[in-house]
Amino acid sequence: MNIPFLDLGAAYLELQTEIDAAVARTLASGYYIGGPEVEAFEEEFASYCCATQAIGVANGLDALHLALRAMDVRPGDEVIVPSNTYIATWLAVSQCGATPVPVEPDARTFNIDPALIEAAITPRTKVILPVHLYGQPADMDLILAIARKHGIRVLEDGAQAHGARYKGQRIGTHGDAVAWSFYPGKNLGAMGDGGAVTTNDAQLADRIRVLRNYGSRVKYVNEVQGYNSRLDPLQAAILRVKLAHLDEWNARRSIIAQLYQTGLAGGGLTLPHVPDWVEPVWHLYVVQHPQRDALQQALTDAGVGSLIHYPIPPHRQQAYGQAGWEEGAFPLAEHMAAQVLSLPIGPAMPASDVEQVIEAVKANLA
């Protein structure tokens, strides 16, 4: 058995003719910074997300950082973040000189628990930053109600949720803005780094466009101290190809997830919980087990790839050691970090591989 966690090469081979043509078209165009491919992708991705604006940037971290900067987050401010997330969510806050304020997850969904947010709000709170973790939307209605009550903006981290729906509407414009990553392993992944922000706020979009381009909207005229963070035209062309197939690929992921849900039920694992008001896109299929490390090793020995998302919560990372959080400060995040295991899933994964993964997991839980 040799089942990879995610086969990116197979995804390319499926679309090779289209992708190669898009790359050749871009190379021949003479536009290597910005240009028609980037503009077309921004328009198409905005439409897909039911947004009026999409701004391409260099990567997902920049998308978060520039959106926060455009929201005027600065030193002395606080941003509410999940305690259970990839560290990029926190780093974007820190890059603004602001302080990330962690809030624990809902134990069932892994996403930030709206019931705990209000207690974390202070006069310095500028933004609430929920993450649609593993491709499952957070409970946006409750989060937005709290934000509106306190006059706080909402920036969504949609890095893992391309195409996901919350109460029937695609993620893309529930909050003030959504930051996206197009890292190769994402549901909508480039062949390199890439990112974007979607929003219906034209003023916010304009600020991000200026910030991503050295603080300039007119060449050699710099309004603010900006950054160099632009989506590459080659990546934009590839993303345009993949965007047309995203819904189909998400549907394949959903089929795999349902096979896991059925095949692994009652076997001693804690399986993903999906509220009836969301349609996840299954960027990851994450289970929990108290002997996670032993299970992962057994799967490795059986030729089944798996990953841990994420083994160390941000508050326990050396990067945030100066904050002084001790072990046990955020017990739910720490509990999840000790027990979560992501099983193989991807649009190119055959059903036969899924069945073999199920049998391998069950054999090592007996």
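**Loops, pockets and sheets of the predicted model**

Tyr310 sits in the loop that runs between helix 10 (292-301) and helix 11 (331-339). The structure described here is a predicted model, and this loop is a convenient place to enter it. The peptide bond that joins His309 to Tyr310 is cis, with an omega of about 15 degrees. Tyr310 also takes part in the lining of the largest pocket, where it is one of five residues that lie nearest the centre, together with Tyr86, Ser181, Tyr183 and Lys186.

The lining of this largest pocket comprises 32 residues in total. Two or more residues of the lining come from each of helix 4 (60-70), helix 5 (88-95) and strand 8 (177-181). The space within the largest pocket amounts to about 650 Å³. Sorted by class, its lining holds 16 nonpolar residues, 12 polar residues and four charged residues.

The second largest pocket has a volume of about 320 Å³, and 15 residues line it. Nearest the centre of this second pocket lie Gly34, Arg209, Arg212, Asn213 and Arg230. Helix 3, helix 7 and strand 10 are the elements that supply two or more residues to the lining. Of these, helix 7 gives the largest share, four residues. The class composition of the second lining is four nonpolar, four polar and seven charged residues. Charged residues thus number seven in the second largest pocket, against four in the largest.

Helix 7 deserves a closer look. It spans residues 202-212, and its buried residues are Leu204, Ala205, Ile208, Val210, Leu211 and Arg212. In an α-helix there are 3.6 residues to a turn, so residues three or four places apart point the same way. Among the buried residues of helix 7, Leu204 and Ile208 can be read with that spacing in mind. Arg212 appears in two of these lists: it is buried within helix 7, and it is among the residues nearest the centre of the second largest pocket.

Both ends of helix 7 carry a local feature. At the N-terminal end, Asp201 acts as a cap, with a side-chain oxygen 3.0 Å from the backbone nitrogen of Gln203. Beyond the other end comes Tyr214, whose phi is positive, near 60 degrees. Tyr214 belongs to the loop between helix 7 and strand 10 (216-218). With a relative accessible area of 42%, Tyr214 is partly exposed, because it falls between the limits for buried and exposed, 20% and 50%.

A second non-glycine residue, Cys50, likewise has a positive phi of about 60 degrees. Cys50 is placed in the loop that links helix 3 (36-48) with strand 1 (53-57). The relative accessibility of Cys50 is 44%, so this residue too counts as partly exposed.

Another loop position is that of Gln291, found between strand 13 (285-288) and helix 10. At 46% relative accessibility, Gln291 counts as partly exposed. Gln291 and Gln339 are separated by 48 residues in sequence, while their C-alpha atoms are 7.2 Å apart in space.

Turning to the sheets, an open sheet of seven strands follows the order 1-9-8-5-4-2-3, and its pairing is mixed. Strand 1 and strand 3 (99-103) form the edges; each has a single partner strand, so one side of each is left without a neighbour in the sheet. On average, and with direction ignored, neighbouring strands of this sheet are turned by 25 degrees against each other. Within the sheet order, strand 5 and strand 4 are adjacent. Strand 4 (residues 125-128) pairs with strand 5 (residues 153-157) in the parallel sense, over two bridges. One bridge partnership here sets Ile128 against Val154 in strand 5. Strand 8, which contributes to the lining of the largest pocket, stands between strand 9 and strand 5 in the sheet order.

A further open sheet has three strands in the order 7-6-12, and its pairing is antiparallel. The edges are taken by strand 7 (169-170) and strand 12 (278-279), each with a single partner strand, so one side of each lacks a neighbour in the sheet. Strand 6 (residues 165-166) is joined to strand 7 by two bridges, and the two run antiparallel. In this pairing Tyr166 stands opposite Gln169 of strand 7.

Technical notes: Residues are numbered from 1 along each chain as its sequence is written. This is a predicted model: local features need pLDDT of at least 70, side-chain atom pairs count only at pLDDT 80 or more; totals for chains, interfaces and linings use all residues. Side-chain values use heavy atoms; hydrogens and water are left out. Buried means under 20% relative accessible area, exposed over 50%, partly exposed in between (1.4 Å probe, protein chains only). A polar contact is a pair of N or O atoms within 3.5 Å; within protein, one must be able to donate a hydrogen and the other to accept it, and residues adjacent in sequence count only if both atoms are side-chain atoms. On a 1 Å grid over the protein atoms alone, a cavity is a set of points where a 1.4 Å probe fits but cannot get out, and a pocket is an open set with protein on both sides within 12 Å along at least five of seven lines; lining residues have an atom within 4 Å of a point. Grid points are joined across faces, edges and corners, and a volume is the space filled by probe spheres set on the points. Ala, Val, Leu, Ile, Met, Phe, Trp, Tyr, Cys and Pro count as nonpolar, Asp, Glu, Lys and Arg as charged, and the others, Gly among them, as polar. Two strands pair if DSSP finds at least two bridges between them. Axes are lines fitted to C-alpha atoms, for helices over the stretch in contact, and angles run from 0 to 180 degrees between N-to-C directions.
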